[in-house]
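Subject: Handover of a structure, with findings

Dear colleague,

Please find below the structure that I am handing over to you. I would ask you to keep it open while you read the notes that follow it.

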Amino acid sequence: MNRVLNWTGQALLYGGFALVVGVFSRWPSYHPLAQNEAQIKVSFIHHGARLAECRPYTAEELAKLAPNMRAPMKCERERSPVRIEVEIDGVSVYAHTATPSGFSRDGASTVYQRLNVPAGEHRITVRMKDNMKLTDFPYVRDSIVTLQPAQVMVIDFNPDKGEIVLL
């Protein structure tokens with residue numbers, strides 16, 4: 001008798017748990033994008049240019065260093081911030097300057113932004129520079145894309161090819 005009550009109790013508890021999981025897996029419904037809307041993600045990690053060029057040590061500087069620390073060149077670690085601007089259909093929708101990570105500001109700059117846009121054809125212009133000494137943007141991508149509803153397009157940077165990529 002006691003064993004029948006144990007099995008019945010377990011079946012009720014497991015059944016109730018399964019019912020709760022089943023209900024909350026379907027309800028409330030969640031739609032990350034509105035109907036007839038697409039999303040553009042700007043996402044990349046990039047190292048900016050070094051702020052100072054490498055230079056040879058002077059004889060006096062080398063003499064001050066321990067023998068095991070004597071390298072021929074002195075290279076500063078700090079890197080330039082990375083600036084990015086995004087225009088959609090001629091309207092500026094995102095402009096950001098990402099600072100380098102790390103205590104010495106020698107790490108990569110990280111950019112991540114989501115932009116919801118209506119589905120359809122758009123002219124997307126992306127400009128990026130990784131050297132703040134420059135006035136112009138050395139990396140520019142201007143494309144006309146057609147976005148379907150619920151489509152996600154990613155704007156990335158390919159450092160090997162040195163170009164902005166739309167995925």
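A residue is called buried when its relative accessible area is under 20%, exposed when that area is over 50%, and partly exposed in between. Please also bear in mind that this is a predicted model.

**The disulfide**

The structure holds one disulfide. The two residues it joins are Cys 54 and Cys 75, with a distance of 2.0 Å from S to S. Cys 54 is found in the loop between strand 1 and strand 2 (55-56), and Cys 75 in the loop between strand 3 (73-74) and strand 4, so the bond ties together parts that are 21 residues apart in sequence. Are these two cysteines buried, exposed or partly exposed? Cys 54 has a relative accessible area of 35%, so this residue is partly exposed. Cys 75, for which the value is 35%, is partly exposed as well. The torsion about the S-S bond is about 120°, and the disulfide is therefore right-handed.

**The sheet with the order 5-4-7-8**

One open sheet consists of four strands in the order 5-4-7-8, and the pairing is antiparallel. Strand 5 and strand 8 are the edge strands, each of them pairing on one side only. From one strand to the next, the twist averages 15°.

Within this sheet, you may wish to begin with strand 4 and strand 5, which are joined by seven bridges in the antiparallel sense. These two strands form a hairpin with two residues between them, and Asp 89 in the turn has a positive phi of about 55°. Two of the facing residues can be located by name: Glu 87 has Ser 92 of strand 5 as its bridge partner, and Glu 85 has Ala 95 of strand 5.

**The sheet with the order 6-1-9-10**

Another open sheet has four strands in the order 6-1-9-10, here with mixed pairing. Which strands stand at its edges? They are strand 6 (109-118) and strand 10 (163-166); each has a single partner strand, so one side of each is left without a neighbour in the sheet. Neighbouring strands of this sheet are turned against each other by 15° on average, with direction ignored.

Strand 1 (residues 37-46) and strand 9 (residues 152-158) run parallel and are joined by four bridges. In this pair, Lys 41 stands opposite Val 154 of strand 9.

As a general point, side chains in a regular strand alternate between the two faces of the sheet.

**The nonpolar core**

The largest nonpolar core has 23 residues, of which Ile 40, Val 86 and Ile 155 touch the most other members. Strands 1, 4 (82-88), 5 (91-98), 6, 7 (120-129), 8 (139-147), 9 and 10 are the elements that give two or more residues to this core.

Ile 40 is a suitable residue to examine in detail. Leaving aside residues up to four places away in sequence, its contacts include Ile 88, Leu 115, Val 117, Ile 124, Leu 147, Met 153 and Ile 155. Gln 113 and Arg 114 are also touched by Ile 40.

**The salt bridges**

Side chains of opposite charge can pair when their charged atoms come close. How many salt bridges are there in this model? The count comes to seven, and three of them are described here.

- Arg 127 and Glu 87 form a salt bridge whose closest N and O atoms are 2.7 Å apart. Arg 127 belongs to strand 7 and Glu 87 to strand 4, so the pair ties together parts that are 40 residues apart in sequence.
- Arg 123 and Asp 142 meet through their side chains in a salt bridge of 2.4 Å, N to O. Arg 123 lies in strand 7 and Asp 142 in strand 8, so this pair links parts that are 19 residues apart in sequence. Arg 123 is partly exposed at 43% relative accessibility, and Asp 142 is partly exposed at 38%.
- Arg 55 pairs with Glu 61, and their closest N and O atoms are 3.0 Å apart. Arg 55 counts as partly exposed at 33% relative accessibility, as does Glu 61 with a relative accessible area of 25%.

Finally, Arg 83, Glu 85, Glu 87 and Arg 127 are joined into one network by salt bridges that share partners.

Yours sincerely,
A colleague

Note on methods
Residues numbered from 1 in each chain as written. Predicted model: local features only at pLDDT ≥ 70, side-chain atom pairs only at ≥ 80, totals over all residues. Heavy atoms only, no water. Pairing = 2+ DSSP bridges. Axes fitted to C-alpha atoms, helices over the stretch in contact; angles between N-to-C directions. Core = buried A, V, L, I, M, F, W, Y, C linked by side-chain atoms within 4.5 Å. Buried < 20%, exposed > 50% of the residue type's maximum accessible area, 1.4 Å probe, protein only. Contact = heavy atoms within 4.5 Å. Disulfide = S-S within 2.5 Å. Salt bridge = Lys/Arg side-chain N within 4 Å of Asp/Glu carboxyl O.
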